[in-house]
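Please open the model in your viewer and keep the sequence panel beside it, since each stop on this tour begins with a selection.

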Amino acid sequence: MAEYAQPAGRIRSWARPIGIMLVLNGATLWGVSGNAAQYLFDTQKISAGWLTSVRMLTAGFLLLVLMQCGKNRRQVWQIWQTRHSAARVIIFGLVGMIGAQYTYFEAVAAGNAATATLLQYLSPVLILSFSIFILRKKPRVIEIAAMVIALLGVFFLVTKGHPNQLSIAPGAIIWGLLAALGGAIYATQPASILKQFGPGVVVGWGMVIGGAAMSLFYPPWIFHGQWSMAAFIGIVFVILFGTLIAFYLYLASLSYLKPLETSMLGCAEPLSAALVSVVWLHVPFTLFDWLGALCIIGTVVSLAFAQKNVKNKRK
């Protein structure tokens, strides 16, 4: 989500601790929600498609309600007043939102939350690869190094240092890489309307549109899984804390922090996902898993710094 950071201008010293607290809490909730989803898939036998449908519809509706109550309430409906913005948000909901949300949950169901979150964090590398190989952009040394480190991180994650065997299910790898692709589209496709209407409105409508489309295949009123109080609590946590509140905290942090800072602190998401997986779900995480996580997170950090340096040179 750090791709949505907006310029915050001059940041007062007293505001930074508030912003840091907000973005860390939001990123941590995102990471924990992946583990909550894994618990629902493994123990309550809830399907990834059904949870995606319910999550996007409910959280999207609530997010739009919050935006409607805010100072930019007019933008909630203005996005539908031109063909360009309406078409962009529909494409975002059907391709970007479903591409990021559904594939991520399938990756969690096929493997675990920690690996799925780390693989999804490869989206900046895919964006960079698109620029280099499709748009013919000349790569810089730091970008090439970041791609190599990212590939090394993936190698550590999927093999645990043994090149002759896979340590996780092939389905988890495929869905995780598809989640990274979906995340790349999710981060880049709605760029024009994000500047015009803001992330709250765009993401809210994207969730509603994506959730409505998913409902054609996984109707929310037809429950897929074993119903229990634990299942109910897990679903509520994923929707409210892992989606709505997490995103709202992230949005609030943009008023206090610079874009680079939110990108760096957003790396708390894969770290929290890994730690909770180990402590709560007892997912075995070896030294090579942690090395892989370090490589992928380091890639995100280095690319963020590289992007900042490019922007500073253009000024």
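The pLDDT is the predictor's confidence in each residue, on a scale from 0 to 100. Colour this predicted model by that score: the protein averages a pLDDT of 89, and 92% of the residues score at least 70. Then select residues 1-9, over which pLDDT stays under 50, although the model has 30 contacts beyond four places in sequence for them. Where pLDDT is low, the predicted coordinates should not be read in detail.

Move next to the interior and select Leu 51 and Phe 105, which touch the most other members of the largest nonpolar core, a set of 59 residues. At least two residues of this core are supplied by each of α1 (15-43), α2 (48-68), α4 (83-110), α5 (113-120), α8 (170-188), α9 (191-197), α10 (199-215) and α11 (229-253). Around Leu 51, once its neighbours within four places in sequence are set aside, show the contacts with Ala 37, Leu 40, Phe 41, Ile 46, Phe 105 and Ile 235. Apart from the largest core lies another, of 25 residues, which can be located by selecting some of its members, including Ala 114, Leu 128, Met 147 and Ala 150.

Finally, turn to the surface and select Trp 77, Trp 80, Ile 90, Ile 91, Leu 94 and Val 95, a nonpolar patch whose accessible area together is about 530 Å². Helix α4 gives the largest share of the patch, four residues. Stop at Ile 91, which lies in α4: is this residue buried, or partly exposed? Ile 91 counts as partly exposed because its relative accessible area is 40%, between the 20% and 50% cut-offs.

Notes. Residues are numbered from 1 along each chain as its sequence is written. This is a predicted model: local features need pLDDT of at least 70, side-chain atom pairs count only at pLDDT 80 or more; totals for chains, interfaces and linings use all residues. Side-chain values use heavy atoms; hydrogens and water are left out. A nonpolar core is a set of buried Ala, Val, Leu, Ile, Met, Phe, Trp, Tyr and Cys residues joined through side-chain atoms within 4.5 Å. Buried means under 20% relative accessible area, exposed over 50%, partly exposed in between (1.4 Å probe, protein chains only). Contact means heavy atoms within 4.5 Å. Patches are made of residues with over 30% relative accessible area and no salt bridge: like charges are joined within 9 Å, nonpolar side chains (Val, Leu, Ile, Met, Phe, Trp, Tyr) within 5 Å. Accessible areas come from the Shrake-Rupley method with a 1.4 Å probe; for residues, only the protein chains shown count as cover. A salt bridge is a side-chain nitrogen of Lys or Arg within 4 Å of a carboxyl oxygen of Asp or Glu.
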